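Student: Please take a close look at a single part of this structure, a pair of packed helices, and then place that pair in the setting of the chain.

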Amino acid sequence: MNINKDISGENMNIILVGPPGCGKGTQTDAIVQRFGVKPLSTGNLLRSEIQQQTQLGKTAKQYMDKGELLPDNIILSMVEQELTEQQNVLFDGFPRTIAQAQGLDNLFEKLQRQIDVVIEIQVPDQVIIERLSQRRVNIQTGATYHLTYNPPPEGEQVIQREDDMPHVIAGRLTVYHQQTAPLITYYQQQGKLISVDGQAPIEQVCEQIISKLDEFLNPQNP
Ligand code: AMP
């Protein structure tokens, strides 16, 4: 796919939004490669804190195991520490509440930056439930697999995330609809939202994202 606009050297900040298990993590790699942005996944940052058994990790685990969101102030100060002036960032799993989105706007205002585009990956709840209950993760590399469609290589050590257990998934979806989905209107009203169908095969979702980003960044092209 040919992208006409060269964004290297420009500040470009992208948000990926969608329910848990919609494929945000999977699509991150492709976008990172194509647009030279730095991925920032709050979920991955928190899992790394848990692994290192830090105080933040201990607090985070209590929320994450139950599928609940951490308090906005904890998340915002973690994100603030990750941001530096030059980097172009792809946010995965952040913001997850309107308060986080407003907090990010304030942080960016100080840095004279802005969110350029928000990509929503749409997947219905019943598909999410099926996907998440079959998801397995390599805790060392962060690689994710699906037991049926993308099984882990033989011998690779994978686990089922505590929050991918069936009883937690329903709660995470409720949290998504109540607390995170309002962000879609928030960014739509700012004219920054593009939406893709996340039920298509991984490569097609990726192509949709790249071509819609191209259209968004180059509105004068047919
Ligand atoms: P994820 O890997 O993005 O699905 O995140 C896993 C869990 O980490 C979530 O269910 C929350 O408990 C916590 N978490 C990750 N990102 C955030 C965030 N932006 N705000 C609050 N909690 C978060």
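**The contact of helix 6 with helix 7**

Tutor: In this predicted model, the axes of helix 6 (residues 125–133) and helix 7 (residues 166–180) come within 10 Å of each other and cross at roughly 135°. Angles over 145 degrees would count as roughly antiparallel and 65 to 115 as roughly perpendicular, with the rest oblique; helix 6 is therefore oblique to helix 7. In handedness, the crossing of helix 6 and helix 7 is right-handed. Such a description follows a general convention: two packed helices are characterised by the angle between their axes and the distance between the axes.

The residues that form the contact can be listed by helix. Helix 6 contributes Asp125, Ile128, Ile129, Leu132 and Ser133, which meet Ile169, Arg172, Leu173 and His177 of helix 7. By class, the residues of this contact comprise 5 nonpolar, 2 polar and 2 charged. Among the nonpolar ones are Ile128, Ile129 and Leu132 in helix 6, while Asp125 in helix 6 and Arg172 in helix 7 are charged.

The setting of this pair is a chain with 9 helices and 7 strands. For 222 residues, a compact globule would have a radius of gyration near 17 Å, and the chain agrees with that expectation because its value is 17 Å. Along the principal axes, the C-alpha atoms fill a box of roughly 45 × 35 × 30 Å. Buried residues account for 43% of the 222 residues. Of the contacts in the chain between residues at least 6 apart in sequence, 72% join residues at least 24 apart.

Notes: Residues are numbered from 1 along each chain as its sequence is written. This is a predicted model: local features need pLDDT of at least 70, side-chain atom pairs count only at pLDDT 80 or more; totals for chains, interfaces and linings use all residues. Side-chain values use heavy atoms; hydrogens and water are left out. Axes are lines fitted to C-alpha atoms, for helices over the stretch in contact, and angles run from 0 to 180 degrees between N-to-C directions. Helices (H or I, at least four residues) and strands (E, at least two) are DSSP runs, numbered from the N terminus. Angles under 35 degrees count as roughly parallel, over 145 as roughly antiparallel, 65 to 115 as roughly perpendicular and the rest as oblique. A crossing is left-handed if the near helix is turned anticlockwise from the far one by less than a right angle, and right-handed if clockwise. Contact means heavy atoms within 4.5 Å. The radius of gyration is taken over C-alpha atoms; the globule rule is 2.2 Å times the number of residues to the power 0.38. Buried means under 20% relative accessible area, exposed over 50%, partly exposed in between (1.4 Å probe, protein chains only).
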